[in-house]
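Hi,

Here's the structure I said I'd pass on to you. Have a look at it first, then read my notes below.

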Amino acid sequence: MPELVKLTIDGKPVEAEKGTLLIEAARQNGIEIPAFCYYEGLTLQAACRMCLVEVEKTPKLQVGCTLPVAEGMIVHTDSPLVKEARKGTLEFLLTNHPLDCPVCDKGGECELQDMVFRYGAGESRFTERKVHVDEKQWSPVVFFDAPRCILCYRCVRICNEGMGVNALGVSNRGVVSEIVPNHHDHLECDECGACIDICPVGALTSGIYRYQTRPWEMEHVGTICTHCSDGCRTTLGVRNGKIIRGNNRDRSGINGEFLCVKGRYGFDFVEHPERLQSPMMRVGDSFEPVSWTKAIEEISARFSQGGKFGIVGSNHTTNEENFFLAKFARQGLGTNNIDHHRTGDLATFFDALSGRNDALATTDDLYNAAAVLIVGNDLSQQHPLLAFQARANVRHHQAHIYTVTSGPVREDHYSTGRASNVEALRDQLKAEKNLVIVFGDSVQGEALRKLVAFGDSLGIPVKYACLVDYSNSRGAFDMGVVPRDGGMSIDQMLAAPDLDVLWVVGANPLKNASLVSQKAFVVVQDLFMTETARRADIVLPAASAYEKNGTVTNVCGEVQKLKQALKVMGAKTDLEIFGLIAKEMGLNLGIWLPDKVFEEIRKTVHGYNVPLAVMATGAAPTLPLNGRVAALPGVIQSAGDTLFTSGSLSRYSKILNSVMEAPGELYGGTKEQ
Amino acid sequence: MLYNEPSPLETRILSKRFGMPNSASLDTYLATDGFKAFRKAREMSPEQIIDEVKASALRGRGGAGFPTGLKWSFVPRTSPKPKYIIVNADESEPGTCKDRLLMEYDPLQMIEGILIASLAVDAHHGYIYIRGEYRYLIESIDRALAEAYSKGYLGKNIVGTGWDFDLYTHSGAGAYECGEETALLDSIEGKRGVPRMKPPFPAVAGAWASPTLLNNVETYSAIPYIINEGGKAFADLGTPKNGGTRLVCISGHVNKPGVYELPLGYPMMKAINEVAGGIPHGRKLKAVVPGGSSCPILRADECDIPMDYDTLAKIGSMLGSGGMVVMDETTDMARVALRIMRFYAHESCGWCIPCREGTTWLKKILTRMVEGNGRREDVPLLKELSVNMLGRTFCALGDAAAMPTISIVDKFAADFEKYIVPEAVLV
Amino acid sequence: MTFSPALEKRFSEMLTRYPAGKQRSAVIPMLIYAQDEVGAITPELIDEVARRCSVAPLQVDEVVGYYSMLHRKPQGKHHVQVCTNISCMLVGGEELYEHAKKKLGIGHKEVTSDGQFSLEEVECMGACSWAPAVEINYDFHHFITPEKLDQLIDALRKKQ
Ligand SMILES: Cc1cc2nc3c(=O)[nH]c(=O)nc-3n(C[C@H](O)[C@H](O)[C@H](O)COP(=O)(O)O)c2cc1C
Ligand code: SF4
Ligand code: FES
């Protein structure tokens, strides 16, 4: 039980945990102490002096952002002296701030504007010349306008402390002090754009968003990023059916404000010119557009003839779609030949845990665990959110990070070092209070069982996360898009000479493999003319995750809601496509509305009986499958994506391709001295 | 050759070797009681050393005037961490030029003082942070250190006493703010000279997060005398709570500008008229900066006072770093205010808003006025902006810029009048 | 990038002065000594100092911008620094600086076309009691009048 102290703020008696900063204690009690440099979770600066308050029995105004509460303290945050001090500071701040608000991206979302609105200094007594420096472009996505910068050092801290990249610094001194990028005149970094979002003013602006719109003209749609399995919530700014920006300033979701370059900028694939907008049917060597009705009729006709089916599901589509597809396969088409590109050995994983409901690590656990062991994965590249959580854990809770990876990883910069051998590692880990083990695709089968056994042998609470790659890899597995009960895996389907039908949904199995069966009738649902689609007899334009409702399950088994941000002409959601085919075939697989299907999932899929209330607001953790899980045939292989790629999707994102950096560069910088 | 003739009115304690033939050499030092104090201190307990320093009523000569013995007692001597001694030889306060002489003419006196301090706080490593402009001093100190090492006065088992101490010079590179103790610490760690939050204070977590004792050159240089003659003897040279002598740097409008060692409490007018030979051309005194440009300026009629910390505090100024700038009746105080503000605007580290933006704004207003475009509202504005900085900045540099400005505007308003253009003319 | 044997010796000794793992402390002294030899702080020099002190180049870049004696452009062979801060100003420092501008035909932080001289108006350099003061490279000159400044500069000109 933490010790409490009593103090008085603006005549209101309040209690706060010992050591709480005054600015936080005030906030907890609904009293706002204004601040620019103070930022929850980042180191203290006491630089902006906006938070000055009056504390009785102290001669000078006190700095609210660094002053810990003390018993009997009597604080005034709105005395005439404090008000006048804030006004004075704002007046100073405005002397060199260009008042170009009308053409500033931040207008309407600017903390400086808000402060001046609330605390005065509306008209300035400054009549001298302002310091001017020209705007600079640091990268395709990051622009810097020095005169607007108020030097709160938030960007520097989020990059150093939050991302562990150290790409931003401060140069010069006095009134010409300036934020500078790590490569003299340009940035080489994660290009995550966190510095842009955290900037309280319009000093740092986004190459994609700048001069596009006024914030209030956009509709803000909170959905889940479709690029990797971490499941960050991204709030898409949509105007006239166009996504203009992605961020998560409202801190909704499991990622708080965090987003990587893909979550913040990788949405432009939806409007790529090569996006399919009409069903296509093969005529000889080429394709011809056909109506949806015709396409659906052709497919159901062929499907109704029966034969040997092979169905490849997606790790990008929703749980509802995966569930419906699995049902379609087993009940509708009577086949177990259904699979998806598996990037982690979930089957063995769940079997090894055999129903221990407390053994699955959540995203939160990576932030709260006393220690994190990373095995065979480049977390900062492949799981940016999990890496961010672990970094924050080190900063805020002095957690220990252990790395067992082939090459150097960013985590090395703050890891407890690499153990010389397993025994040494075991001894180190035994000393920890508790542990989270995350491991990549290289750990599968026996190796995976050994790792779990190793964890269980430590005699401390251990949780695990099997690192799968894609936005709904976990969901695809849980919904049964796997060759259970003797079904064929993808490689087996492709190899089967007698395959009659190959139905591919949002996947690209023929990217670097070929289909043996010449006679196979191939149906593909996708956003683009992929290698697989080119082999198809019928191609159906599918909607992307940003164009549909439903749910997805992230790498840690947390279920979250997708919210439709826009509609793309001609495309249909995969769920609707399944429904239409089923209807045409006269199958009764139930209503194909996301909510209805999810109801069924909650009733029938183990671990998915999640509270809807939680779902509505955030992420609901599921429970691992219980009991024994039969091993599955087939290949398990990571996509080996980097921070800037996500399988085929990123191929169609101009922005992501423009910022591609040599991943090696990302490990620049040195341990803190 | 000394830079200025000594005055018979001086009390030469710290400067007793100034002017001796090669006064900086180890031989000269040893021939004049050199390292007697260290040997004596080695026989004393740390507590006894600190008590002597407390008894001496020595107050920091860097500017803040903090009681030295008390500061030494704050260092957690028994901490398992290494402890460091740092010498502040950044000497950048306008009007101040004394540490230069102590290092140039008698470096070993300072070094012995440092060694005694190391005994008091159980430190084995020390760094002398010297402003980059003093390169010739860095070189001469390095020579003095080398000689001391070679003769066993530094390094392992110093003069057979079993005490180890390593001492190094460290060059600055042009930044007044790096004289501020915590900015100095960041600078010595290879960073921008930006001040640190206090607490923790350097005594507890200073250089490389270890306990650190940081004093000015002159402060350390006073230590050997205090140990040799006893704290009381030093204290008795001055006035109560203001022990000893200090090097007063007299500059500006005097016949014999120079650095003179005078006891604390020495009459200011006597220092100007007799020690420094009075004001040239029989002009009248107008104002005095008592201890470096950061101190509020005194009107002539305020200068008939003894020079000690408490008296100056009483009349709302400070004894500061001992830089006494004398100004005669011809001095244009508006231009003085401008020059001082140009300095602070140039030296502000830029960390906090009021200092960064305030100093520049004030500089711009003063420049405009002196260039002949002053407005009536400028004078009250100068005062208000200074008040808005005072006590609200991250470190004392903001105060150092505000205080003299406020005092000049208050005490010499008339000097700004002539720069105010009647509204009519303005448009 | 390598330096003169003397400087290399100084640097390797310098790196041993600071606690283990705190070699970053050598950044500023290293920069100012290297600048004297190289003539300016070049990007290569920044990378080199970063390497030697095992910090990121950005951490060195930040420092270069902060300290007023560190400069990215070469100065003249003789860098003439005239103090105009109050003690100097009261006894003719500003007039002296104006005179220096005329004499050298250059302004603040400018270099003569022949690269021999550069001029800088500097802040208090610790010679207040012997003002007006001038520092040429690292040599102090006290009680300087315009005439004396001319003699100093002419003498340096002849030396070449
Ligand atoms: C802006 C600023 C500049 C300072 N410059 C110097 C300086 O150049 N030399 C110095 O000894 N102290 C300087 N000080 C004072 C130091 O912060 C510190 O108080 C002093 O060095 C402690 O040593 P002392 O107790 O022996 O005086 C400065 C303080 C401030 C706020
Ligand atoms: S600098 Fe500041 S607001 Fe900023 S947080 Fe603080 S003193 Fe407070
Ligand atoms: S004012 Fe010129 S040297 Fe001090």
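Let's begin where chain C and chain B meet: 63 residues of chain B and 43 residues of chain C take part in the contact. Keep in mind that this is a predicted model. Putting chain C and chain B together buries about 4,400 Å², and carbon and sulfur atoms give 57% of that area.

What holds charge against charge here? The rule finds four salt bridges across the interface of chain C and chain B. One of them is easy to look up: E121(C) pairs with R342(B), and their closest N and O atoms are 2.8 Å apart. There are also 26 residue pairs in polar contact across this interface, counting pairs with both residues at pLDDT 80 or more.

Now for the side of chain C that touches chain B. The elements of chain C that give two or more residues to it are helix 2 (27-38), helix 4 (57-66), helix 5 (86-90) and strand 3 (117-122). Which of them gives the largest share? That's helix 2 of chain C, with six residues. Sorted by class, this side of chain C has 25 nonpolar residues, eight polar ones and ten charged ones.

On to the ligands, starting with ligand 1. It has 20 residues around it, and the ones that come nearest are G62(B), N88(B), N215(B), N216(B) and T219(B). If you zoom in on the oxygen atoms of ligand 1, you'll find one that is 3.1 Å from a polar backbone atom of E181(B). A backbone N or O atom of R61(B) lies 3.3 Å from an oxygen atom of the ligand, and for E91(B) the backbone distance to a ligand oxygen is 3.3 Å. How much of ligand 1 does the protein bury? Taken alone the ligand exposes 610 Å², and 91% of that is buried by the protein.

Two elements of chain B, strand 4 (212-216) and helix 17 (396-411), give two or more residues to the shell around ligand 1. Strand 4 gives the most, with three residues. The shell is made up of eight polar, seven charged and five nonpolar residues.

Ligand 2 sits with chain A residues around it, including F36(A), Y38(A), M50(A) and V63(A). Cysteines show up here too, among them C37(A), C48(A), C51(A) and C65(A). This shell has eleven nonpolar residues, one charged residue and no polar ones. R49(A) is also on the list of residues around ligand 2.

Cheers

Definitions and conventions:
Residues are numbered from 1 along each chain as its sequence is written. Chains are lettered from A and ligands numbered from 1 in the order in which they are written. This is a predicted model: local features need pLDDT of at least 70, side-chain atom pairs count only at pLDDT 80 or more; totals for chains, interfaces and linings use all residues. Side-chain values use heavy atoms; hydrogens and water are left out. A residue is near a molecule or strand if one of its heavy atoms lies within 4 Å of it. Ala, Val, Leu, Ile, Met, Phe, Trp, Tyr, Cys and Pro count as nonpolar, Asp, Glu, Lys and Arg as charged, and the others, Gly among them, as polar. A polar contact is a pair of N or O atoms within 3.5 Å; within protein, one must be able to donate a hydrogen and the other to accept it, and residues adjacent in sequence count only if both atoms are side-chain atoms. Accessible areas come from the Shrake-Rupley method with a 1.4 Å probe; for residues, only the protein chains shown count as cover. Helices (H or I, at least four residues) and strands (E, at least two) are DSSP runs, numbered from the N terminus. Contact means heavy atoms within 4.5 Å. Buried area is the accessible area (1.4 Å probe) that two parts lose on being put together, summed over both. A salt bridge is a side-chain nitrogen of Lys or Arg within 4 Å of a carboxyl oxygen of Asp or Glu.
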